[in-house]
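Trainee: I would like a close look at a single part of this protein. Please take one helix and go through it slowly.

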Amino acid sequence: MQRFVLGDTVSKWLEVTSGVPQGSVLGPLLFLIFINDLPELLINKTKNYAEDTKILDVIKNQNDCLNLQKYIDTLSSWAMTWSIDLNLEK
């Protein structure tokens, strides 16, 4: 459960079923723990900064394209498992 407090204004309690509360003191640490398994799933082909993750690979042939698609599918499956929405525009 979480709520927002600003001065004397307090919001209603809301149930939080996934994710990390933004603006909290522990938020960044909890987020790192939350995504800690992601690089291992993608065979260390990722670069992570804050909440951004990029998949990196060299494409030299058709097999490399298929492997990259496999990484993307793995990331998509991981995100669905943990109820994370991916920003495809980024």
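Mentor: What follows is an account of helix α3 and then of the two domains. Keep in mind that this is a predicted model.

Helix α3 covers residues 62-81, which makes 20 residues. From its first C-alpha to its last it reaches 29 Å, close to the 28 Å expected at 1.5 Å a residue.

Start at the N-terminal end. There N61 acts as a cap for α3. A side-chain oxygen of N61 lies 3.0 Å from the backbone nitrogen of N63. Beyond the other end, α3 is followed by S83, and the phi of S83 is positive, near 55 degrees.

Now turn to the sides of the helix. Buried here means under 20% relative accessible area, and the residues of α3 that meet this are D64, Y71, L75, W78 and A79. Seen down the axis of α3, these buried residues fall within an arc of 100 degrees, so they line one face of the helix. What does that face pack against? The buried residues of α3 pack against α1 (27-34), α2 (38-41) and β4 (52-55). On the other side of α3, Q62, L66, M80 and T81 are exposed.

Finally, consider the domains. The domain assignment gives domain 1 as 1-36 and domain 2 as 38-89. The C-alpha centres of domain 1 and domain 2 are 26 Å apart. Five residues of domain 1 are in contact with nine residues of domain 2. Between them the two domains bury about 560 Å², with 65% of it on carbon and sulfur atoms.

Note on methods. Residues numbered from 1 in each chain as written. Predicted model: local features only at pLDDT ≥ 70, side-chain atom pairs only at ≥ 80, totals over all residues. Heavy atoms only, no water. Helix = DSSP H or I, 4+ residues; strand = E, 2+ residues; numbered from the N terminus. Expected span 1.5 Å × (residues − 1). Buried < 20%, exposed > 50% of the residue type's maximum accessible area, 1.4 Å probe, protein only. Arc of directions from axis to C-beta. Contact = heavy atoms within 4.5 Å. Polar contact = N/O pair within 3.5 Å; in protein donor to acceptor, adjacent residues only side chain to side chain. Domains from an automatic or database assignment. Buried area = accessible area lost by both parts, 1.4 Å probe.
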